[in-house]
Amino acid sequence: MRYGLGPLKVSTTIGKSVELTTGKLGRMVMDGVARFCSSAQAEPQAWHIPVDPLIDEELADALRAGCCRASRRSGVKASTPRASHP
């Protein structure tokens, strides 16, 4: 739970629930970071986060928002210059 994301059970549009593991959520964040890096945006946006179309749209929006916050944190870490070695 490095970025505050834990496993979730969410409803789908076909009436079943699925569990999104921390690995799946992490993949969503990293895919969002990759989309952001390929875009012209100044910072990650919620629409950069891919969500399975079977997930209810209201829940998908909430997932995108949470994953977007995590992608911003990971992006800040990735863009922070490391100390140079002499």
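Mentor: A nonpolar core is a set of buried Ala, Val, Leu, Ile, Met, Phe, Trp, Tyr and Cys residues joined through side-chain atoms within 4.5 Å, where buried means under 20% relative accessible area, exposed means over 50%, and partly exposed lies in between (1.4 Å probe, protein chains only). This is a predicted model, in which local features need pLDDT of at least 70, side-chain atom pairs count only at pLDDT 80 or more, and totals for chains, interfaces and linings use all residues. Residues are numbered from 1 along each chain as its sequence is written, and side-chain values use heavy atoms, with hydrogens and water left out.

Trainee: Which residues have the most contacts inside the largest nonpolar core?

Mentor: They are Met28, Val51, Ile55 and Leu63, in a core of 14 residues. Helices H1 and H2 each supply at least two residues of this core, and H2 gives the most, with five residues. For the protein as a whole, buried residues make up 28% of the 86 residues.

Trainee: What makes a stretch of this protein a helix or a strand, and how many of each are there?

Mentor: Helices (H or I, at least four residues) and strands (E, at least two) are DSSP runs, numbered from the N terminus. On that basis the protein has two helices and two strands, and their order from the N terminus is β-β-α-α.

Trainee: How do you know that strands S1 and S2 pair, and in which sense?

Mentor: Two strands pair if DSSP finds at least two bridges between them. Strand S1 (residues 8-11) and strand S2 (residues 17-20) have four bridges, in the antiparallel sense, and therefore they satisfy the requirement of at least two. Within this pairing, Lys9 of the hairpin stands opposite Glu19 in S2. Five residues lie between the strands of the hairpin, where Gly15 takes a positive phi near 90 degrees.

Trainee: Why is the meeting of Arg27 and Asp31 called a salt bridge?

Mentor: A salt bridge is a side-chain nitrogen of Lys or Arg within 4 Å of a carboxyl oxygen of Asp or Glu. The side chains of Arg27 and Asp31 meet at 2.9 Å, N to O, so the pair falls within the 4 Å limit and the name applies. Both residues lie in helix H1 (residues 22-37), four residues apart, about one turn of the helix. Arg27 is partly exposed because its relative accessibility is 46%, and Asp31 is likewise called partly exposed, at 26%.

Trainee: How many salt bridges does a search of the whole structure find?

Mentor: The search finds three. One of them joins Arg64 to Glu57, with the closest N and O atoms 3.3 Å apart, and another joins Asp61 to Arg64, at 3.1 Å between the closest N and O atoms. Salt bridges that share partners thus join Glu57, Asp61 and Arg64 into one network. Asp61 and Arg64 are three residues apart in helix H2 (residues 57-79), so about one helical turn separates them.

Trainee: Which residue, Arg64, Glu57 or Asp61, counts as buried, and which count as partly exposed?

Mentor: Arg64 has a relative accessibility of 17%, and therefore it counts as buried. Glu57, at 49%, is partly exposed, and so is Asp61, at 42%.

Trainee: Why is His48 called buried?

Mentor: His48 is called buried because its relative accessible area is 1%. His48 lies in the loop between H1 and H2. Contact means heavy atoms within 4.5 Å, and, leaving aside neighbours within four places in sequence, His48 is in contact with Asp31, Gly32, Arg35, Phe36, Ser39, Gln41 and Glu43. The side chain of His48 also reaches the backbone nitrogen of Gln45 at 2.8 Å.

Trainee: Which residues does Leu59 touch, not counting those up to four places away in sequence?

Mentor: Leu59, which lies in helix H2, touches Val10 and Ser11. Leu59 and Thr12 are 47 residues apart in sequence, while their C-alpha atoms are 9.0 Å apart in space. Leu59 counts as partly exposed because its relative accessibility is 32%. Ile55, with the same sequence neighbours set aside, touches residues including Val10, Ser11, Thr12 and Leu63.

Conventions: A polar contact is a pair of N or O atoms within 3.5 Å; within protein, one must be able to donate a hydrogen and the other to accept it, and residues adjacent in sequence count only if both atoms are side-chain atoms.
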